[in-house]
Amino acid sequence: MKLGLTYNVKKEFADATPLEIKNKASENLINENLIQNYPERVDDTFAEWDSMETIDAIKEALEFGGNEVELIEADDDAFYKLKNYKPDLVFNVAEGFYGASRESQIPSMLEMLNIPYTGSDSISIGICHDKSRSKEILSYYNVPNAPFLISRKRLKNIKGDFPKFVKPLHEGSSKGIYNSSVVNNIEELNKEIERISDSYNQPALIEDFLPGKEFTISMLGNGDDVKVLPVIEINLDEVPEGFNKIYSYEVKWFFDTRENQLDIFRCPADISRELYSEIEDVCKQAFNCLRLKDWSRIDVRLDKNGVPNIVEINPLPGILPDPADNSCFPKAAREIGLNYNQMINEVLNEAKKRYNLK
Ligand SMILES: Nc1ncnc2c1ncn2[C@@H]1O[C@H](COP(=O)(O)OP(=O)(O)O)[C@@H](O)[C@H]1O
Ligand SMILES: [Mg+2]
């Protein structure tokens, strides 16, 4: 098949490996006093970008599957490149750069050009990229998620008990999520709302804090046949003393390094059968009520009653190729015996089935 691979890498980091990007991400933290005030001092702009190493690995995997693959960078010439190249199908991992709908832009172009593509469509990707809109749909279908509101301005008071959790409405990769995101009173809450508005120019999503265990779940397939890959537990016991038990930017990018790896993922999660299947069910419901396609990674946490709640959905999951990088989707795939090449070709096959392509 003649395939396009749409992607974004930040130019300055085009040749950097995932490890170098990670080191860059933690540089500011190392240089500064680690425990004090990081939100003010950290530059996390690059947290969401792919490295060229990842894009090359996806290309090789698709070629391994017998396809001809053209790399199509999702820049402002992307539409014409797609129009001229006329691929039979596009493998899309482009996150986009600008706007709340940045992840929807390539899917929209592909729809306009009538080119089939892997993964969720522009509507579903766009909805998942707005964490409040996706929560509204989940709530409509009674899929558990934390009660929330959004605000760009300071609040006088707030319903319900502290702690609350405050995060940017539109980001991923723990961008904007720090130890200070767990707030215990209205002053702390307002400080976080201001920080998010000032640093990321977007509203803050304020949620009830989900105090229980955390999981991340990789989904592969479609509709009733969607497969739930082995549930990964985020082992929050590895979060250093004095820090909130959340998978924050500090934990993801600083405390967990290749040299000093935290034992942060348990795959499969060591939990009761009942809880395991409750998590699987809630993820299937979320996947289908948001009409996701082919693949996704869903974050889940237990609320104070032990009920699995959806935290957020990643329709374009991170897929670092090197097992040493501890990337969740490839890890869950390996657990059922799929290596990286097979995993990528499974996603491709799911899309081909949907479009009735041979
Ligand atoms: N309501 C919440 N209660 C408790 N922890 C939360 C809540 N929302 C997010 N978190 C923590 O913050 C982390 C990052 O939040 P998430 O919404 O997944 O952002 P990202 O898109 O950056 O991955 C989660 O993995 C979890 O540890
Ligand atoms: Mg997440």
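Two strands count as paired when DSSP finds at least two bridges between them. Keep that in mind as you click around, and remember that this model is predicted.

**Stop 1: the whole chain**

Start with everything shown as a cartoon. The protein has 12 helices and 13 strands. Of its 358 residues, 43% are buried. Now think about contacts between residues at least 6 apart in sequence: 71% of these link residues at least 24 apart.

**Stop 2: a four-stranded sheet**

Select strands 4, 5, 6 and 7. They make an open, antiparallel sheet, and the order across it is 4-7-5-6. At the edges sit strand 4 (148-151) and strand 6 (182-183), each of which pairs on one side only. Add helix 8 (residues 186-200) to the view: it packs on this sheet and touches strand 4, strand 5, strand 6 and strand 7. The direction of helix 8 makes about 5° with that of strand 5.

Zoom in on strand 5 (residues 164-168), which is joined to strand 7 (residues 204-208) by 5 bridges and runs antiparallel to it. Show V166, and you'll find I206 of strand 7 opposite. Likewise, K167 faces L205 in strand 7. Strand 5 also pairs with strand 6, through 2 antiparallel bridges; there, K164 has V183 as its bridge partner.

Is strand 5 enclosed or not, and why? Strand 5 is largely enclosed by the rest of the structure, because 5 of its 5 residues are buried. Colour the two faces separately: K164, V166 and P168 lie on one side, F165 and K167 on the other, and all of them are buried.

Just before strand 5, select F162 and P163. The peptide bond between them is cis, with omega near 0°. P163 belongs to the loop that connects strand 4 and strand 5.

**Stop 3: around ligand 1**

Select ligand 1 and bring up its surroundings. There are 19 residues around it, and the closest are F165, E207, L210, I246 and Y247. By class, this shell holds 8 nonpolar, 3 polar and 8 charged residues. Strand 5, strand 12 (295-302) and strand 13 (308-314) each contribute at least two residues to the shell.

**Stop 4: strand 12 and its partners**

Follow strand 12 from there. With 7 of its 8 residues buried, it is largely enclosed by the rest of the structure. On one pairing, 7 bridges connect strand 12 antiparallel to strand 8 (residues 214-220); look for M219, whose bridge partner in strand 12 is S296. On another, 6 bridges tie strand 12 to strand 13, again antiparallel. Here I298 stands opposite I313 of strand 13. Strands 12 and 13 form a hairpin with 5 residues between them, and G306 in the turn has a positive phi of about 80°.

Now step back to K293, in the loop between helix 10 (273-289) and strand 12. Is K293 buried or exposed? K293 counts as buried, because it has 24 C-beta neighbours inside 10 Å and the cut-off is 20 or more. Beyond its neighbours within four places in sequence, K293 contacts G119, S120, D121, N222 and R354. Try a distance label to N222: the two residues are 71 apart in sequence but 5.8 Å apart in space, C-alpha to C-alpha.

**Stop 5: the cores**

In soluble globular proteins, nonpolar side chains tend to be buried together. The largest nonpolar core here has 64 residues, and I217, C283, A286, V300 and I310 have the most contacts inside it. Helix 12 (residues 340-354) gives the most to this core, with 6 residues. Pick A286 and, leaving out residues up to four places away in sequence, you'll see it touch L138, V143, I298, I310 and I313. A second, separate core has 15 residues, including V182, L205, I246 and L302.

**Stop 6: some backbone oddities**

Most residues other than glycine have a negative phi, and most peptide bonds are trans. Select C267 and P268 for a cis bond, with omega about -5°; P268 is in the loop between strand 11 (265-266) and helix 10.

Next, pick K86, a non-glycine residue with a positive phi near 50°. K86 lies in the loop between helix 4 (78-85) and strand 3 (89-92) and is exposed, with 10 other C-beta atoms within 10 Å.

Finish at N142, which also isn't a glycine and has a positive phi of about 60°. Find N142 in the loop between helix 7 (131-140) and strand 4; it is exposed, with 8 other C-beta atoms within 10 Å.

Terms used. Residues numbered from 1 in each chain as written. Chains lettered and ligands numbered in written order. Predicted model: local features only at pLDDT ≥ 70, side-chain atom pairs only at ≥ 80, totals over all residues. Contact = placed C-beta atoms within 7 Å. Axes fitted to C-alpha atoms, helices over the stretch in contact; angles between N-to-C directions. Buried ≥ 20, exposed ≤ 12 C-beta atoms within 10 Å, placed from the backbone. Near = placed C-beta within 6 Å. Nonpolar A, V, L, I, M, F, W, Y, C, P; charged D, E, K, R; others polar. Core = buried A, V, L, I, M, F, W, Y, C linked by C-beta atoms within 7 Å.
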